[in-house]
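Biologist: I'm new to this one, so please don't rush. Pick a single part, take me through it closely, and show me how it sits in the rest.

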Amino acid sequence: MGLMRSMVSQSKQILKLHSLRNQSSSVVPKGHCAVYVGETEKKRFIVPLSYLNHPSFQNLLSCAEEEFGFDHPMGGLTIPCNEDAFIDLTSQLNST
């Protein structure tokens, strides 16, 4: 029962993440930030600011710093990561 509730909650969060991603590029809810994710084609995601303090997310930020420095081609925070891997990571962060 608890596992099912966790899976439903996780699925809702993923859908929320995807729906926020599809909103206008100027709309970022308070307490969130926009990031661009992908190795070739960049997709926009909206993530809670609390993710920025998590060690796993900070590893992604270090990779972004190594690749782009402070000059991000999309004009925002760009993370050079596979989109599926990013969704997996954010799903794990969401469940903790």
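Modeller: Let's start from the outside: the chain exposes about 6200 Å², with carbon and sulfur atoms supplying 53% of it (areas come from the Shrake-Rupley method with a 1.4 Å probe, and for residues only the protein chains shown count as cover). Bear in mind that this is a predicted model, where local features need pLDDT of at least 70 and side-chain atom pairs count only at pLDDT 80 or more, while totals for chains, interfaces and linings use all residues. Residues are numbered from 1 along each chain as its sequence is written, and side-chain values use heavy atoms, with hydrogens and water left out.

Now the layout. The chain has 3 helices and 3 strands, in the order α-β-β-α-β-α along the sequence; these are DSSP runs, numbered from the N terminus, with helices being H or I of at least four residues and strands E of at least two. Of the 96 residues, 31% are buried, meaning under 20% relative accessible area, whereas exposed is over 50% and partly exposed is in between (1.4 Å probe, protein chains only).

The part I'd zoom in on is helix α3, residues 83-95. Its 13 residues should span 18 Å and the end C-alpha atoms are 19 Å apart, so the two agree; the expected span is 1.5 Å times one less than the number of residues.

Just before the helix, Asn-82 caps its N-terminal end, with a side-chain oxygen 2.7 Å from the backbone nitrogen of Asp-84. That sort of polar contact is a pair of N or O atoms within 3.5 Å; within protein, one must be able to donate a hydrogen and the other to accept it, and residues adjacent in sequence count only if both atoms are side-chain atoms.

Next comes Glu-83, whose side chain meets that of Lys-43 in a salt bridge at 3.3 Å, N to O. This pair links distant parts of the chain, 40 residues apart, since Lys-43 is in strand β2 (residues 43-48). The structure holds 1 salt bridge, defined as a side-chain nitrogen of Lys or Arg within 4 Å of a carboxyl oxygen of Asp or Glu. Lys-43 has a relative accessible area of 29%, so it counts as partly exposed.

Which residues of α3 are buried? They are Glu-83, Phe-86, Ile-87, Leu-89, Thr-90, Ser-91 and Leu-93. As background, a turn of α-helix takes 3.6 residues, so residues three or four places apart point the same way.

Phe-86 is buried because its relative accessible area is 0%. Leaving out residues up to four places away in sequence, Phe-86 touches Val-35, Val-37, Phe-45, Val-47, Phe-57, Leu-60, Ile-79 and Cys-81, a contact being heavy atoms within 4.5 Å. Phe-57 is 29 residues from Phe-86 along the chain, with 9.1 Å between their C-alpha atoms.

One of those neighbours, Cys-81, is buried because its relative accessibility is 9%. A search of the whole structure finds 0 disulfides (pairs of cysteine sulfur atoms within 2.5 Å). For Cys-81, the nearest cysteine sulfur belongs to Cys-63, 8.2 Å away.

Further along α3, Thr-90 is buried because its relative accessible area is 3%. A polar atom of the Thr-90 side chain lies 3.0 Å from the backbone oxygen of Ile-87.
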